[in-house]
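Here's a quick tour of one model, taking in its empty spaces and one well-connected strand. Have the structure open as you read.

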Amino acid sequence: FQSNRDAEEQNCDERFATCVWGNSGLGKTAIVKQHCNKSVIWNGKQYPGYKVFDVPIAQFEEMGDLHGMPSRHIKFSKEGKNGLEEMWVPEEVHQGWLNDGWQMVHSAGVKTMYAPPDWVPTEPGPSILLLDDWNRASVRIIKGIMQLLQNYGMVSWKLPPGCNIVLTANPDE
């Protein structure tokens, strides 16, 4: 976790994942979850513990479980205090943006963007994305997770600052 903090402080994109490896029933998951009660200082602020997001990755069956749900987005613009502001907005809520004075940028067309799955941490701060029993997942999912482990995100979303990835795994017996 300290290596990840150091990388963030140096604006370095390289963060590390940790794997807790051992036989079934040793308490690997419980040890990781105990961090939610471990006081931590992050960015000079005291937190009562890490937020732990427990993801039973072996239950995932398709890449959509990792990427999230796609939705169509429309580009909008509005003149703001600091010049022209632009924003991609989900198509289903575009009328509200029009009502708020934003203009649709028709020349930009429509873009498909993904909403992160609900298990993805989105708030900066000390957190742990726990990929439990990750080596029991299907080969397709394991291959997809590699991007998450290397880049701390997928093509469609990124983990926030302060988040750490921890995997648990059982050896084949």
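First, a bit of vocabulary: helices (H or I, at least four residues) and strands (E, at least two) are DSSP runs, numbered from the N terminus. Keep in mind, too, that this is a predicted model.

With those labels in hand, start with the enclosed space. Helix H1 (2-9), strand S2 (40-42) and strand S10 (163-169) each give at least two residues to the lining of the largest cavity. Which of them gives the largest share of that lining? That's H1, with three residues. The full set around the largest cavity is Phe1, Asn4, Arg5, Glu8, Val40, Trp42, Tyr50, Pro126, Gly162, Cys163 and Asn164. Sorted by class, this lining has six nonpolar, three polar and two charged residues. As for how many cavities there are, the structure holds one of 30 Å³ or more.

Now for the open spaces. Here they are beside the cavity:

| Space | Volume | Nonpolar | Polar | Charged |
|---|---|---|---|---|
| Largest pocket | about 220 Å³ | five residues | three residues | four residues |
| Second largest pocket | about 170 Å³ | seven residues | four residues | two residues |
| Largest cavity | about 70 Å³ | six residues | three residues | two residues |

The largest pocket is lined by Glu8, Asn11, Cys12, Asp13, Arg15, Gln150, Asn151, Tyr152, Lys158, Leu159, Pro160 and Pro161. Glu8 is worth a second look: this residue lines the largest pocket and also appears in the lining of the largest cavity.

The second largest pocket has a volume of about 170 Å³. Of its 13 lining residues, those closest to the centre are Lys51, Glu123, Pro124, Gly125 and Pro126. Pro126 turns up in the lining of the largest cavity as well.

Next, the strand pairing, which is all about S5. Strand S5 (residues 69-80) runs antiparallel to strand S6 (residues 83-90), with eight bridges joining them. The two form a hairpin, and two residues sit between them. For a landmark in this pairing, find Lys78, which stands opposite Glu85 in S6.

S5 also pairs with strand S8 (residues 110-115), again in the antiparallel sense, over six bridges. Here His73 has Lys111 of S8 as its bridge partner. Then there's strand S7 (residues 103-104), joined to S5 by two bridges and also antiparallel. Which residue of S7 is the bridge partner of Ser77? Look for Gln103.

Key. Residues numbered from 1 in each chain as written. Predicted model: local features only at pLDDT ≥ 70, side-chain atom pairs only at ≥ 80, totals over all residues. Heavy atoms only, no water. Pairing = 2+ DSSP bridges. 1 Å grid on protein atoms, 1.4 Å probe; cavity = no way out; pocket = protein on both sides within 12 Å on 5 of 7 lines; lining within 4 Å. Points joined across faces, edges and corners; volume = space filled by probe spheres on them. Nonpolar A, V, L, I, M, F, W, Y, C, P; charged D, E, K, R; others polar.
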